[in-house]
Amino acid sequence: MLRRTLLATLLACAASAGAAPRWPGDSVYQLELPLTDQDGRAIALDAGQGHPMLVTMFYTSCQFVCPMLVDALRDTQAALAPAERERVGVLMVSFDPERDTVQVLRRTADERGLDRTHWTLARTDAAGARKLAALLGIRFRALPDGDYNHTSLLVLLDARGRVAGRTTQLGSADPAFVRRIQAQLR
């Protein structure tokens, strides 16, 4: 419900500014969120339009769950046929913009051996991270020691930015989630 209310508010602001909606009413791409990727390039949230995207939020200094999120995304990709893999993008957006600089994102992508033709690690400002998290259904909060409590969630967006699936399964690919991805590719 919160995601729908936030999206409705964002749409109302766009309409009052005279902008015609470009995306379906339930598209995450309605959020005009400036992102910067691991190579320092400015990208838009809707840069993944036209094909399914796997999206999650993370922070690079996480020692526990966030590395498992990367592994779950890799496992999910590995469960797809090679031709399917080529058509699915991965976007991981940091909710720790203070520490997750472009250089840190680049180093993380390099250390994890992430294929930049399909994987994007990105950052935005704190307000943008909160808005995106609300739309995706990801909760996070900073702890006094600099760590975060957060939801471990992989979200599948369809070609138009609508949520087409979710999984919280870590440790291996979620077969039902993989089938949802494959359905989006048909």
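Buried residues account for 46% of the 186 residues in this protein chain. What you're looking at is a predicted model. Its secondary structure adds up to six helices and nine strands. Here's a quick tour, from the whole chain down to single residues.

**The chain as a whole**

- Take the contacts between residues at least 6 apart in sequence: 68% of them join residues at least 24 apart.
- The chain exposes about 9200 Å², and carbon and sulfur atoms supply 52% of that.

**The nonpolar core**

- The largest nonpolar core has 51 residues, and Leu 45, Met 57 and Leu 132 touch the most other members.
- Several elements each chip in at least two residues of this core: the strands are S3 (53-58), S4 (89-94), S5 (119-123) and S8 (154-157), and the helices are H2 (65-78), H4 (102-111), H5 (126-136) and H6 (175-185).
- As background, nonpolar side chains in soluble globular proteins tend to be buried together.
- Leaving aside neighbours within four places in sequence, Leu 45 is in contact with Val 28, Tyr 29, Leu 31, Leu 33, Leu 35, Leu 91 and Leu 132.

**Strand S3 and its partners**

- Six of the six residues of S3 are buried, so this strand is largely enclosed by the rest of the structure.
- Both faces of S3 are covered, with Met 53, Val 55 and Met 57 buried on one side and Leu 54, Thr 56 and Phe 58 buried on the other.
- S3 and S4 run parallel and are joined by six bridges.
- Within that pairing, Phe 58 stands opposite Ser 94 in S4.
- S3 and S8 run antiparallel, with three bridges joining them.
- Here Val 55 has Val 155 of S8 as its bridge partner.

**Thr 56, a residue of S3**

- Thr 56 sits in strand S3 and counts as buried because its relative accessibility is 0%, where the cut-off is under 20%.
- Its side chain reaches the backbone oxygen of Leu 153 at 2.6 Å.
- Not counting residues up to four places away in sequence, Thr 56 touches Leu 69, Leu 73, Leu 91, Met 92, Val 93, Ile 138, Leu 153 and Leu 154.

**Two residues of S4**

- Ser 94 lies in strand S4 and is buried, at 0% relative accessibility.
- The side chain of Ser 94 reaches the backbone nitrogen of Asp 96 at 2.8 Å.
- Setting aside residues up to four places away in sequence, Ser 94 touches Met 57, Phe 58, Tyr 59, Asp 100, Ala 122 and Ala 129.
- Val 90 also has its place in strand S4, and Val 90 is buried with a relative accessible area of 0%.
- Val 90 and Leu 73 are 17 residues apart along the chain, and their C-alpha atoms are separated by 7.9 Å.
- Beyond neighbours within four places in sequence, Val 90 is in contact with Met 53, Leu 54, Leu 73, Gln 77, His 118, Trp 119 and Thr 120.

**Helix H6**

- Phe 177, Val 178, Ile 181 and Leu 185 are buried in H6.
- Looking down the axis of H6, you'd see its buried residues fall within an arc of 100 degrees, so they line one face of the helix.
- The general rule behind this kind of pattern is that an α-helix has 3.6 residues a turn, so residues three or four places apart point the same way.
- The buried residues of H6 pack against S3, H2, helix H3 (82-85), S8 and strand S9 (163-167).
- At the start of H6, a side-chain oxygen of Asp 174 comes to within 3.0 Å of the backbone nitrogen of Ala 176.

**Trp 23, a residue in a loop**

- Trp 23 lies in the loop between helix H1 (2-16) and strand S1 (34-37).
- Trp 23 is buried, with a relative accessible area of 10%.
- Outside its neighbours within four places in sequence, Trp 23 is in contact with Tyr 29, Gln 30, Asp 46, Gln 49 and Arg 160.
- Trp 23 and Asp 46 are 23 residues apart in sequence, and 9.6 Å apart in space from C-alpha to C-alpha.

Conventions:
Residues numbered from 1 in each chain as written. Predicted model: local features only at pLDDT ≥ 70, side-chain atom pairs only at ≥ 80, totals over all residues. Heavy atoms only, no water. Helix = DSSP H or I, 4+ residues; strand = E, 2+ residues; numbered from the N terminus. Buried < 20%, exposed > 50% of the residue type's maximum accessible area, 1.4 Å probe, protein only. Contact = heavy atoms within 4.5 Å. Areas by Shrake-Rupley, 256 points an atom, 1.4 Å probe, with all protein chains shown as cover. Core = buried A, V, L, I, M, F, W, Y, C linked by side-chain atoms within 4.5 Å. Pairing = 2+ DSSP bridges. Arc of directions from axis to C-beta. Polar contact = N/O pair within 3.5 Å; in protein donor to acceptor, adjacent residues only side chain to side chain.
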